[in-house]
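Visitor: I would like to know what stands behind the labels used for this structure. Please take me through them.

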There are 2 protein chains.
Amino acid sequence: MGEAGLRADAERNRQRILAAAEELFLERGASVSLDEVAKRAKVGAGTLYRRFPTREALLAATSNERFMSVAEASRGRDADHEPDDALRRFLEAFALNASVYRSLAASLGTVIQHRTPGCNAITEEGHRLLRRAKEAGVLRQDASFDDIVCVVSAISIAVEKESAPVPRVAHLVDLLFNGMRER
Amino acid sequence: MGEAGLRADAERNRQRILAAAEELFLERGASVSLDEVAKRAKVGAGTLYRRFPTREALLAATSNERFMSVAEASRGRDADHEPDDALRRFLEAFALNASVYRSLAASLGTVIQHRTPGCNAITEEGHRLLRRAKEAGVLRQDASFDDIVCVVSAISIAVEKESAPVPRVAHLVDLLFNGMRER
DNA sequence: TTACGATATGGAGACATTCTCCACTTAGCA
DNA sequence: TGCTAAGTGGAGAATGTCTCCATATCGTAA
């Protein structure tokens, strides 16, 4: 949670920035002015930029706990779900959490590359599910984690405007998982 | 090509803006400063904004011919290709042309809604292919044109960083069209 | 040809946002 | 208690968007 090697007052400010960013991202989307985030956190702009050099780094940080949850829930489902079902549920949860802030999905590809615990966890879990589904023979051998990020982005972008995201995400995951083809 | 009801000098300026924008978009991506576009076109900023009120309007205009080509080529393929193959090729061509400028893909959803000839043509052709594939029973009934735009955007975004976009586009279209499942 | 209204123009400048820099403050240790 | 490394705020430079309007030019009707 806290960032290692940070002075106590600095860590306090860091938390205030995260709280302010979370509020503003929820209210007005992932594109709000960062100076405004600093202002709401009662912190100078320099402090914000020193701690989070880019908007994506801040997004990765505010998404950290959500991404951890997605990975953890997926690991917990492992025992009582078939590999393809586990992967499908993971995709749904990932997509839903990649659209909590408007305009987050568009930069998901960049955000997910940050080495925060949450991004690491979700990346590892994605790779694990991919491997497991391939071994079970229910997934194409040439599907990669990058493909997953691409698919999740597409779904999240499509879903951001919707008033009822959950069923729409389920529909789109089904569509892209099983293919647009009639069988 | 020329815009109806425009004074001759205004139409000349409009063409100069389009040429300058095309150059700069190719060189440095779809996010270049619009003032710089105006400067290269040797035109005041006001002139640019009067003719193209938003960046997306300008992008729709510079993409016009490419979009026309995509639609036309697709229509030409109609006779000697099965409905699913025709749709797949259309998706590939659309995605490739939605990534000619870096960062164009991110605003594709907005760009495509402009009522330029190219946007109209590509939208109509998309609907036609969708209908044809559904009638032939090779496409799920619940796939929509919005789904297509969403999928094409995601593919184009994913592909913008690649050095070899063509095979990657083909892979992603195949993946999303046929599904991630082993069959 | 002229003259006149409609159209079109440029670019200064108001405003917003990003991001840096550094004189000053503070925490934490010896 | 005093020292130093760590941290801070916020002014302001750099960049970009977009508007406004005094001025210029086009095209036409007489």
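Guide: Start with the salt bridge: a side-chain nitrogen of Lys or Arg within 4 Å of a carboxyl oxygen of Asp or Glu. Between chain A and chain B the count is four salt bridges. Keep in mind that this is a predicted model.

Visitor: What makes B:Arg168 and A:Asp147 a salt bridge?

Guide: The closest N and O atoms of B:Arg168 and A:Asp147 are 3.1 Å apart. The cut-off is 4 Å, so the pair qualifies. Helix H6 (83–97), helix H9 (145–159) and helix H10 (165–178) of chain A each give two or more residues to the side that touches chain B. By class, that side of chain A has 16 nonpolar, five polar and 10 charged residues.

Visitor: How many residues does each chain bring to the contact, and what is the buried area?

Guide: Chain A brings 31 residues and chain B brings 28 residues. The area buried between chain A and chain B is about 2900 Å². Carbon and sulfur atoms give 56% of that area. Six residue pairs are in polar contact between chain A and chain B, both residues being at pLDDT 80 or more.

Visitor: Why is the pair A:Glu3 and A:Arg14 called a salt bridge, and what does the pair tie together?

Guide: The N to O distance between the side chains of A:Glu3 and A:Arg14 is 3.6 Å. That falls within 4 Å, so the name applies. A:Glu3 lies in the segment before H1 of chain A and A:Arg14 in helix H1 of chain A, so the pair ties together parts that are 11 residues apart in sequence. Over all chains, the structure holds 34 salt bridges.

Visitor: Now the DNA. Which residues are closest to DNA strand D?

Guide: The closest are A:Asn13, A:Gly44, A:Thr47, A:Arg50 and B:Arg55, out of 21 residues that surround DNA strand D. Sugar and phosphate account for 61% of the atoms of DNA strand D that come within 4 Å of the protein.

Visitor: How do you know that A:Arg7 and A:Gly46 make polar contacts with bases of DNA strand D?

Guide: Test the distances. A polar side-chain atom of A:Arg7 lies 3.0 Å from a base nitrogen of DNA strand D. A polar backbone atom of A:Gly46 is 3.1 Å from a base oxygen of DNA strand D. The limit is 3.5 Å, so both count as polar contacts. A:Arg51 goes to the backbone of the DNA: an N or O atom in the side chain of A:Arg51 is 3.0 Å from a phosphate oxygen of DNA strand D.

Visitor: Which element gives the largest share of the surface near DNA strand D?

Guide: H3(A) does, with five residues. By class, this surface has seven nonpolar, six polar and eight charged residues.

Visitor: And which residues come nearest to DNA strand C?

Guide: A:Arg55, B:Arg7, B:Asn13, B:Thr47 and B:Arg50 come nearest, of the 22 residues around DNA strand C. Of the atoms of DNA strand C within 4 Å of the protein, 58% belong to sugar or phosphate and the rest to bases. H3(B) gives the largest share of the surface near DNA strand C, five residues.

Visitor: What makes B:Gly44, B:Arg51 and A:Asp35 polar contacts of DNA strand C?

Guide: A backbone N or O atom of B:Gly44 lies 2.8 Å from a phosphate oxygen of DNA strand C. For a polar side-chain atom of B:Arg51, the distance to a phosphate oxygen is 3.0 Å. An N or O atom in the side chain of A:Asp35 is 3.3 Å from a base nitrogen. Each value is within 3.5 Å, so each passes.

Visitor: Why is the aromatic pair of A:Phe25 and A:Tyr101 called tilted?

Guide: The centres of A:Phe25 and A:Tyr101 are 5.2 Å apart, and the planes make 50°. Pairing needs centres within 6.5 Å; stacked means under 30 degrees and edge-to-face over 60, so this pair is tilted. A:Phe25 lies in helix H1 of chain A and A:Tyr101 in the loop between H6 and helix H7 (108–111) of chain A, so the pair ties together parts that are 76 residues apart in sequence.

How values were computed. Residues are numbered from 1 along each chain as its sequence is written. Chains are lettered from A and ligands numbered from 1 in the order in which they are written. This is a predicted model: local features need pLDDT of at least 70, side-chain atom pairs count only at pLDDT 80 or more; totals for chains, interfaces and linings use all residues. Side-chain values use heavy atoms; hydrogens and water are left out. Contact means heavy atoms within 4.5 Å. Buried area is the accessible area (1.4 Å probe) that two parts lose on being put together, summed over both. A polar contact is a pair of N or O atoms within 3.5 Å; within protein, one must be able to donate a hydrogen and the other to accept it, and residues adjacent in sequence count only if both atoms are side-chain atoms. Helices (H or I, at least four residues) and strands (E, at least two) are DSSP runs, numbered from the N terminus. Ala, Val, Leu, Ile, Met, Phe, Trp, Tyr, Cys and Pro count as nonpolar, Asp, Glu, Lys and Arg as charged, and the others, Gly among them, as polar. A residue is near a molecule or strand if one of its heavy atoms lies within 4 Å of it. Rings of Phe, Tyr and Trp (its six-membered ring) pair if their centres lie within 6.5 Å; planes under 30 degrees apart count as stacked, over 60 as edge-to-face and the rest as tilted.
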